[in-house]
There are 2 protein chains.
Amino acid sequence: MARNGQEAVAEAKRSLPDLIVLDIMMPKMDGIEACRIMRTMPEFKNTFMVFLTARSEEYSEIAGFNVGADDYIAKPIKPRALVSRINAILRRNAPAEDVTDNKLEIGDLVIDREAYLVFQRGEKVVLAKKEFELLYLLASKPGKVYTREVILKNIWEDSVVVTNRTIDVHIRKLREKLGDDVVATVKGVGYKFEG
Amino acid sequence: MARNGQEAVAEAKRSLPDLIVLDIMMPKMDGIEACRIMRTMPEFKNTFMVFLTARSEEYSEIAGFNVGADDYIAKPIKPRALVSRINAILRRNAPAEDVTDNKLEIGDLVIDREAYLVFQRGEKVVLAKKEFELLYLLASKPGKVYTREVILKNIWEDSVVVTNRTIDVHIRKLREKLGDDVVATVKGVGYKFEG
DNA sequence: CGTAACATTTAACAATTTGTTAACATTTGC
DNA sequence: GCAAATGTTAACAAATTGTTAAATGTTACG
């Protein structure tokens, strides 16, 4: 159980749960912000996020859904009721068949998150962890430009502070291994995957 | 997981499970009806059917048993408790001769969970318990990378606290006994079985 | 019960890989 | 052409894993 938004994001990245319950009034970073950030991360693509709040404010409700929440539960609620509500959410959102195979196939690349492997035209390419994460992030939404800031938030722990330019070096290594065409520079903005 | 009685029957016919848990209050066709129907089908002759219900009503209980249920579990019940209850039912109804052989054959290995034995190209290899568990876990999904955290959760009791690095030593012993190619390191992530 | 044999865990250090930075070169858009 | 942004390189720092040995637990057996 995380006590604030920052902890929530950190712990969620570590344990990758199927469902996250966010209290809107957590200190430091609130639940809405945590949700917004997690929604930009590919590993939470299939995670359900539910808001829990004491006040039934219109604002909270609207803001929560806008950042990608899947449901909304009003406090006070008895623990048992909360559990059954959560079960209901999981049930109604259960995938028909769970064939979720974390493979990403784009262009001449196959990115297998489970095996931590990348194949290019059938050839195995060995990437270091940060390189892999970077590629996976960009490739999870081909064409979308990721600013260095967003990339940092996604791939680095919150506590770690690194120069923006570090990303450039990792990009360079990706290009070295996969060819210059894989990642495109958008000057003044960031990088994007080229499908 | 089926969401109602009709689905339950359909899915059961498809997958022919050893045990079916029926919720009495499923919509459309309730669990009792599902049980009655399945009991008339020859393919479910040896299938155990267990009822799960929220209310401990006499009616449910009696009606359930009358249609051929094998046991009855009252809700609320914690998932873990449910699992152990189910295991108990399966165990006490286990056929005299357990012909289930949990043999895993991968590459030049044969991993026999029942006998706790590993053969490599026909040669018996003796592994300690932890080594065996570790190999079995990794081999159960070749290619998939297991983080140390996941490995710990799977092989060690929840109460036991051990250093991550303990795993490294067991990996080393596995490599010593089976060769370096069996388990691959994914730096920064974990280990995986190499098919 | 004690002991030997074995299994498990930890700690320490070495080896290796990966990540980061800084400096300088190059490119880009105005 | 100029300034800002990015590319490139290599040195250094940090993190991760490999390896070994010793300490601690556990089990089987006389």
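This is a tour of a predicted model with protein chains A and B and DNA strands C and D, one selection at a time.

**Before you start**

Residue numbers run from 1 along each chain as its sequence is written, chains are lettered from A and ligands numbered from 1 in the order in which they are written, and side-chain values use heavy atoms, with hydrogens and water left out. Because the model is predicted, local features need pLDDT of at least 70 and side-chain atom pairs count only at pLDDT 80 or more, while totals for chains, interfaces and linings use all residues.

**Stop 1: chain A**

Select chain A and colour it by secondary structure. Chain A has seven helices and ten strands; helices (H or I, at least four residues) and strands (E, at least two) are DSSP runs, numbered from the N terminus. Of its 195 residues, 41% are buried. Here buried means under 20% relative accessible area and exposed means over 50%, with partly exposed in between (1.4 Å probe, protein chains only). Taking contacts (heavy atoms within 4.5 Å) in chain A between residues at least 6 apart in sequence, 49% join residues at least 24 apart.

**Stop 2: two loop residues of chain A**

Go to Tyr116(A), in the loop between β5 (109-112) and β6 (117-120) of chain A. Its phi is near 55°, a positive value in a residue other than glycine. Tyr116(A) counts as buried, at 13% relative accessibility.

Next select Arg121(A), in the loop between β6 and β7 (123-125) of chain A. Arg121(A) is not a glycine either, and has a positive phi of about 50°. At 62% relative accessibility, Arg121(A) counts as exposed.

**Stop 3: α5 and α7 of chain A**

Show α5 (residues 129-139) and α7 (165-178) of chain A. Their axes (lines fitted to C-alpha atoms, for helices over the stretch in contact, with angles from 0 to 180 degrees between N-to-C directions) come within 10 Å and cross at roughly 85°. That makes α5(A) roughly perpendicular to α7(A), the term for angles of 65 to 115 degrees. On the α5(A) side the contact includes Leu134(A), Leu135(A) and Leu138(A); on the α7(A) side it includes Ile167(A), Ile171(A) and Leu174(A). The residues of this contact divide into seven nonpolar, one polar and four charged. In these counts Ala, Val, Leu, Ile, Met, Phe, Trp, Tyr, Cys and Pro are nonpolar, Asp, Glu, Lys and Arg are charged, and the others, Gly among them, are polar.

**Stop 4: DNA strand C**

Select DNA strand C and the residues near it, meaning those with a heavy atom within 4 Å. There are 24 residues around DNA strand C, and the closest are Trp156(A), Thr166(A), Ala128(B), Trp156(B) and Lys173(B). Of the strand C atoms within 4 Å of the protein, 75% belong to sugar or phosphate and the rest to bases.

Now look for polar contacts (pairs of N or O atoms within 3.5 Å; within protein, one must be able to donate a hydrogen and the other to accept it, and residues adjacent in sequence count only if both atoms are side-chain atoms). Three involve phosphate oxygens of DNA strand C:

- Lys130(A), through a backbone N or O atom, at 2.9 Å
- His170(A), through a polar side-chain atom, at 3.2 Å
- Thr163(B), through a polar backbone atom, at 2.8 Å

**Stop 5: DNA strand D**

DNA strand D also has 24 residues around it, the closest being Arg172(A), Arg175(A), Tyr191(A), Arg172(B) and Tyr191(B). Sugar and phosphate account for 55% of the strand D atoms within 4 Å of the protein. A base nitrogen of DNA strand D is 2.9 Å from a side-chain N or O atom of Arg165(A). Polar side-chain atoms of Arg148(A) and Thr185(B) lie 3.1 Å and 2.8 Å, respectively, from phosphate oxygens of the strand. The surface near DNA strand D has eight nonpolar, four polar and twelve charged residues.

**Stop 6: into chain B**

Select α5(B). Nine of its eleven residues are buried, so it is largely enclosed by the rest of the structure. One of them is Glu133(B), at 17% relative accessibility. Leaving out residues up to four places away in sequence, Glu133(B) touches Arg113(B), Tyr116(B) and Ile155(B).

Finish at Lys192(B), in strand β10 (residues 190-193) of chain B. Lys192(B) is buried, with a relative accessible area of 5%. A polar atom of its side chain lies 3.1 Å from the backbone oxygen of Ala115(A).

How values were computed:
Angles under 35 degrees count as roughly parallel, over 145 as roughly antiparallel, 65 to 115 as roughly perpendicular and the rest as oblique.
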